[in-house]
Amino acid sequence: MTATAPYCRPAGKAWGTWDHGTYRGGIAASGAGARFVVPLALTAGCLWLVRQQVGDDMPAALPASLSGIGAVNILLALGCVAIGFWAVGRYDGLSHRHFGTRVPPRVARLSGTMAIALAQTLGFGVITGALVRHRLLPGLGFRRALQLSVFVSLSFLAAWLWITALACVVLPAPGWTTLPAMVALAGLPLCTGLMAFGPRPRKARWRAALPTLTALGAILLWAALDLLAAALVLYLLIPAGTLGFGSFVPVFLLAYGAGLLSGAPGGVGPFELVLLSLLPQVPDAMLIGAIMGYRGLYYALPAVLGALALLRPLTLNLPTLPAPRPHGAGRAELGLLRQNGGRVARLGGRDMALWRIGQALVVLPGAAPLATVESLTALQRQARQDNRLACLYKCTAREAALARSAGWQVLRIAQEALMDPQTFDLHQPACRGLRRKLRQAAKAGVLVQQAGVLPLGPMAAIDACWQRRNGPARGGTMGRFCPDYIAGQQVFLAWQDDRLLGFASFHAGAHDRALDLMRLSAEAPAGTMQALVIAALEAARAAGSSGFSLAAVPDIPALAHPLLAPTRAPLLARAGAAGLRQFKSGFAPIGHPAMSRHQAARRWRSAWPTSPARSIIRPRWRVVARFMKVMKNMNLPQGGLREIGREPRAEYT
């Protein structure tokens, strides 16, 4: 009998305890190993099946099949290889623009071409592609290289699925592919629409990973060109007259996808098995010979060139980011950039307030006026670099005329309520209703004062109550309550004895003021809102400001069209147009055609995808989460939000 060593309990471990860390590590290691072993096993199994199908006479027939490929066909196939990898390089350049790596386009295309040439030949595409990109662009970092590799792989896989489904429906294809192809053709556009216009993911890394519609269109174009070139390479190596190109393309795409999904090096095994099964009209020897030539031209040759490129990394000189331009140099409306993530950049010799939304690069009002066509051209060029469409939002009538002369489509969307504090006269006949509201507020004991130290607790409670009555704050070009954001504004508070009734905040520019937030409690007397605006107007007069904006009122003449008549009332009601117009007209703002505001885009088909209205009416989870975090960290009284507005005013002034 063999002696067995007694089991010793490891130090620090109780009897019967399970080492979860060791268990999880073992599972992770086995999973990683399986990801490498399974493709190789699949390749071996498919090659065995191929061997069973072609029989023992194949080696003797191969030389004759290979010698039958003409030199002209080989040259044409080499030209298709060059076209395919040119498209692959464009694909990688698009991916670099999507993630904003600032890698020069030529360097991005070259590194991507080499990475894909090696990855498709060696297999394990995501890891291989990331390692090659990291080697060629060491300054990029492995994490970004892996991100690019994952994006390229997943987006190409989605493009292959849609292109293959389209080919199986339009071209002669095996009968069993019709139903799956129809499902894919219907499902992928639906998923794309949800991705572009549906609820946005809460996690920022998932939002950044979603391509725009412009990028999706380019992905489909370059993927289709690459797949078509690859199909032509193999078709040119098959003896002429064997089968038509239309019936060959769906079968090739199915075989290509089988190799792609297998993860095997070069797709060897599944690719051959699918072609041999679905092309019985082509003699096996001729087909195997064509596949060998195809692998030599489309896989081995680019892989050798890619391996040589690895010997010397590319020179990567990332352009330095321009220094952020101060917001205070423009009009008061530039204060919006502090809450929507926009920035001021210089394009075409002009400062522009740029706001990146889901599908568009939007120019907001507040910076220097657009006065030349060159500035619009520079904007379009910047939008293309961001894989987005260019859009002007709330541009003036003069800017709209310039955009129209440059071939842009222009739509009037609003009327600006603008006043001059220096010439405003409260006693003019047009302000009769305003004076009545102010008397009502004074009779109720409403006192308005400019805030020093902000009473953030009562203000947060009033904002929460306001949102319960009116729905979530919209954001975008309309502000949201946030302590950090509102601390950079001029704030006016309305009190009744020691109770806060409401507040209004204003962006302050060098020579003007602009209304942003206005929040009232449910118990605020009539005229409180008007009293807040008048107090801010008087403060702007004392500061010497020449402009005072109550923001815009929806004004969309295009909705008067008979086809759009059913949508006119719901849209204007959702925007609160009637109430806003009634409130702002009480201050007798300047009425002039120059006060009209427009939206401009290059084409009508891009009007809705680029519309900032989508980003205004759909709340962003990031801002909502930030507000909830601020509320959670506040020391609220025992009575909660209902009682916080009743705290003595002396504690906050």
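When I say helix here, I mean a DSSP run of H or I at least four residues long, and a strand is a run of E at least two long. Keep that in mind for residues 108-133, which come out as 92% helix and 0% strand, with the end C-alpha atoms 9 Å apart. And before anyone asks, this is a predicted model.

That stretch is one of the spans that UniProt, in an unreviewed entry, annotates as "transmembrane region". The others in that record are 27-50, 62-88, 145-173, 179-197, 209-237, 243-261 and 297-315. Have a look at 243-261 as well: the end C-alpha atoms there sit 26 Å apart, and the chain is 89% helix and 0% strand. So those are two annotated spans to click on.

Okay, packing. The largest nonpolar core has 61 residues, and L234, F252, L275 and Y294 are the ones with the most contacts inside it. Which helices supply at least two residues each? That would be α3 (71-99), α4 (105-122), α6 (142-170), α9 (213-237), α10 (245-262), α11 (270-278) and α12 (284-309). The biggest contributor is α9, with 13 residues. If you want a residue to centre your view on, try F252: leaving out residues up to four places away in sequence, F252 touches L227, A230, A231, L234, F271, L275 and Y294. There's another core lying apart from that one, with 28 residues, including F492, L501, F506 and L537.

Now the sheet. We've got 11 strands in an open sheet with mixed pairing, and the order is β1-β2-β3-β4-β11-β5-β10-β9-β8-β7-β6. At the edges you find β1 (343-347) and β6 (446-450), each pairing on one side only. Ignoring direction, neighbouring strands are turned by 30° against each other on average. Then there's helix α14, residues 373-385, which packs on the sheet and touches β1, β2 (350-356), β3 (360-364) and β4 (389-395). The direction of α14 makes about 130° with that of β4.

Let me zoom in on one pair of strands. Do β5 and β10 run parallel or antiparallel? Antiparallel: β5 (residues 409-419) pairs with β10 (residues 547-554) over five bridges. Within that pairing, L418 stands opposite S549 of β10.

Also in β10 is A551, and that residue is a bit of an oddball. As a reminder, most residues other than glycine have a negative phi. A551 isn't a glycine, yet its phi is positive, about 70°. Is A551 buried or partly exposed? Its relative accessibility is 23%, so A551 counts as partly exposed.

A588 is in a similar spot as far as phi goes: not a glycine, and positive, near 50°. You'll find A588 in the loop between α21 (577-585) and β11 (596-601). With a relative accessible area of 25%, A588 is partly exposed too.

Last topic, cysteines. How many disulfides does the structure hold? Zero. Take C395: why no bond there? Because the closest cysteine sulfur, in C391, is 8.4 Å from the sulfur of C395, which is too far. C395 also counts as buried, at 4% relative accessibility. Another buried one is C80, at 10% relative accessibility.

That's my tour, so over to you.

Key:
Residues numbered from 1 in each chain as written. Predicted model: local features only at pLDDT ≥ 70, side-chain atom pairs only at ≥ 80, totals over all residues. Heavy atoms only, no water. Core = buried A, V, L, I, M, F, W, Y, C linked by side-chain atoms within 4.5 Å. Buried < 20%, exposed > 50% of the residue type's maximum accessible area, 1.4 Å probe, protein only. Contact = heavy atoms within 4.5 Å. UniProt positions renumbered as here; feature names shortened; annotations may be inferred. Pairing = 2+ DSSP bridges. Axes fitted to C-alpha atoms, helices over the stretch in contact; angles between N-to-C directions. Disulfide = S-S within 2.5 Å.
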